[in-house]
Amino acid sequence: MTTVILAEKPSQARSYVEAFQKNTKKQGYYAVSDPVLPQDTFITYGFGHLVELATPEKYDEKYKHWTLSNLPIMPDKYKFVVPTDKKAQFKIVKDLLTKADTIIVATDSDREGENIAWSIMNQAKINLKSKNIKRLWINSLEKDAILAGFKNLKDGWNYYPVYKEAQTRQISDWLVGMNASPLYTLLLRQSGVRGVYSIGRVQTPTLYMVYQRDQAIKNFKPEPYFELNAEILANQQKFVAKLDPYQRFKNQLELNTFMTDKSLVTGLQSGLIKDVQKQLKKSASPRLFSLSSLQSAINKRYHASASQVLQAVQSLYETKLLTYPRTDCNYITDQEFNYLVPNLSGYRGLASNKVSLNNTEANSRYVNGKKVQEHHAIIMTKIIPSKEKLAALPKLQQQVYDLVLRTTLAMFADPYEYEETTIIAQVGHANFKATGNVPIKQGWKALFTSNTNNTNEDQETLPQVQKGETVKASLKTPQKETTPPAAFTEGTLITAMKTAGKTLDDEEAQSILKDVEGIGTEATRANVLEVLKKRGYLLTQKNKLHVSEQGVTLCKAVELEPLLTSPAMTAKWERALKQISTKERSQENFLTQIKKFVQKIITDVPQQLQNSDEIKQQVSKQQQAQKEAEVIFENPQFTVLGRQKFYVIKDKKGKDFTLPKTWSSKTLGRTAIKDLLTKGQTNKLKGFKSKKGKKFDAKLKLEKNKLSFDFS
């Protein structure tokens, strides 16, 4: 009786092997033995996807060249192929699976892991009904978790619907991409613009969200307004109080009318303390991390991309320091809580010994088994690394581990306590309100401050005053302007994808988690952003995301077909896909809807583009941009293109980035850019200007694709 364990990739297989008592390495697999395993057990592995959907030319040679007459491409049966460079390993896996009596699926415990395993088994053309199929489902690659998982294997067939969901997602994306991409590319080429225009079921609405934000910023017209504030002098201390209820005034006349009605004048006058309220408040620690919220938090703190964060968490998972990364949940179960508690002193030694972690009773804000479906929140494993081991990790992995560590420990700390003081001062017949917080007990916040003895935080922000006290008030009427919405960062875009474009902050997005229909999945969102950047549709400038001119052309073209750009529609598709894994919907039902959608755009889009004046204007604009995108210089590592306001550095390894044409009021010429890319720094340059307008000279240096001054 032979048992074969199918891992997703070699590193995962090695983690399993290391947990067992004995192993012998073979070509493409291992022979293993352990009390938790049957006799004659082997571990083999894929290289991620060993099996892929065939490209259109595998169905018919005519699809090698894109033509409108070949659309739509809708096979009756979908072909799957093994890439040439993976055929040798596939044969090893196939031979082992064919001989096996029991197959243990041990790929990543998620939808894509099911897709990888079942695709391999189906492509191997083995009689699956004749096999005993089991499923390893674990949240950690540490030895104890692996052994416990193999002692408690699940019925593999229970996860077959999850595979069908993942496969349906794969096929639906293929249908949209293989039809819409040539359709838009060919039609836009007919209009006169070069390039390939890639369309995706998830990537296109994601790009369109950034485009809409860019347009909102570009078209924003600041509107002036006046505020009315009171600078209160009480007990020789000043503080500012805002009009209560707060309101803005569109113009001076509106402000003057209000002040007259309320018997107010600018400048110094008497005031009265109408009310003083003091309230002790508590603030709970942040929720535990899902992948999306961790990507968002790390991007905000350290400006790492979503893809870089995922790679860092994946590495920490594979080195057994963090639990499974691709989770959309921010709760843990009692089981995880119960192993964290006895290890608290060890974890705290890596963070801060000054923080008390006394709350060892489970709190439903963090511990709720009913909220955990496939995987719990990202937390530490039982393995507590030494400080030396952590210091040896790449910088981003250190930052990720540290933030997960502190956020997890925070749920054991006391709440942050502060006294909120609210003062209502009456001036004339108007009220003005000031609010100040005085920290009473740092609690969990001490985990997130580098210096917990910071005395500045302990200073009262408002003076001691009594109700009925007379004070001096000086009314101020500052003129301000409304501000545009903030550009997306990768962190805020990940949150927007998760909430299907709803305007929610990270905390809200986490708290409603399962109730939100998002775009994409935890496992795919980072890759979607990387694809958009690699294809040149998204540009990153100082951690802000913007749409390139080519991306604008694409967005203007697809906005004529709202279903392609609608986050809400894409979110409904995601919900329908999830229904396949719960057997509420069939693969055939979903793909029929996608085919109807594809047929609709093939019928409608040619006429839409032909009749759109806006598309004609944008095509003309991009033609001009393409002329301006001249090659500045090339070498074996880089191609540098000049755009209107920046340079595009196309790294031959596929990691493109941009550099500004102007830096601190100085235009950066070709020589400076060439020196930065080849030498890492320029010679001393003249003509920089500080924010205050002062001129200075300095060298520029380039480190990790970021510019900075060198005054040496």
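In this predicted model, the charged end of Lys661 sits over the ring of Tyr647, at 5.5 Å from the centre of that ring. A second contact of this kind involves an arginine, since Arg213 lies over the face of Phe488, where the distance to the ring centre is 4.1 Å.

Contacts between aromatic rings were examined next, and a search of the whole structure finds 25 aromatic pairs. One of these is formed by Phe20 and Phe150, whose ring centres are 5.3 Å apart and whose planes meet at 70°, so the pair is edge-to-face. Phe20 lies in the loop between helix H1 (10-19) and strand E2 (22-25), while Phe150 belongs to helix H4 (residues 143-151), so the pair ties together parts of the chain that are 130 residues apart in sequence. Both partners are shielded, for Phe20 is buried and so is Phe150. In another pair, the rings of Phe709 and Phe711 have their centres 5.6 Å apart, but their planes stand at 35°, and the pair is therefore tilted. Phe709 has a relative accessible area of 22% and is partly exposed, whereas Phe711, at 58% relative accessibility, counts as exposed. These two residues also belong to one aromatic cluster, which is formed by Trp663, Phe688, Phe696, Phe709 and Phe711.

Charged side chains also pair with one another, and the structure holds 27 salt bridges. Among them is the bridge between Arg111 and Glu165, in which the closest N and O atoms are 2.6 Å apart. This pair links distant parts of the chain, as Arg111 is found in helix H3 (residues 111-123) and Glu165 in helix H5 (residues 160-191), 54 residues apart. Glu165 is buried, its relative accessible area being 0%. The bridge is part of a network of salt bridges that links Arg111, Glu165, Arg169, Asp173, Arg201, Glu374 and Glu574.

Lys480 likewise forms a salt bridge, in this case with Glu227, and the closest N and O atoms of the pair are 3.0 Å apart. Here too distant parts of the chain are linked, because Lys480 lies in strand E17 (residues 479-481) and Glu227 in the loop between strand E10 (224-226) and strand E11 (229-234), 253 residues apart. The two partners fall into separate classes of accessibility: Lys480, at 34% relative accessibility, counts as partly exposed, while Glu227, with a relative accessible area of 4%, is buried.

A further salt bridge joins Glu490 to Lys533, with the closest N and O atoms 2.6 Å apart. Glu490 lies in helix H14 (residues 490-498) and Lys533 in helix H16 (residues 525-534), so this pair ties together parts that are 43 residues apart in sequence. Glu490 is buried, with a relative accessible area of 5%.

Turning to the strands, a closed barrel of 6 strands runs in the order E11-E12-E15-E14-E13-E16, and its pairing is antiparallel. Neighbouring strands of this sheet are turned against each other by 40° on average, direction ignored. Within the barrel, strand E12 (residues 237-244) and strand E15 (residues 430-441) run antiparallel and are joined by 3 bridges. On strand E15, Asn431 is the residue that stands opposite Asp244.

Technical notes
Residues numbered from 1 in each chain as written. Predicted model: local features only at pLDDT ≥ 70, side-chain atom pairs only at ≥ 80, totals over all residues. Heavy atoms only, no water. Pairing = 2+ DSSP bridges. Helix = DSSP H or I, 4+ residues; strand = E, 2+ residues; numbered from the N terminus. Axes fitted to C-alpha atoms, helices over the stretch in contact; angles between N-to-C directions. Salt bridge = Lys/Arg side-chain N within 4 Å of Asp/Glu carboxyl O. Buried < 20%, exposed > 50% of the residue type's maximum accessible area, 1.4 Å probe, protein only. Phe/Tyr/Trp six-rings, centres within 6.5 Å; stacked < 30°, edge-to-face > 60°. Lys NZ or Arg CZ within 6 Å of the ring centre and 35° of its normal.
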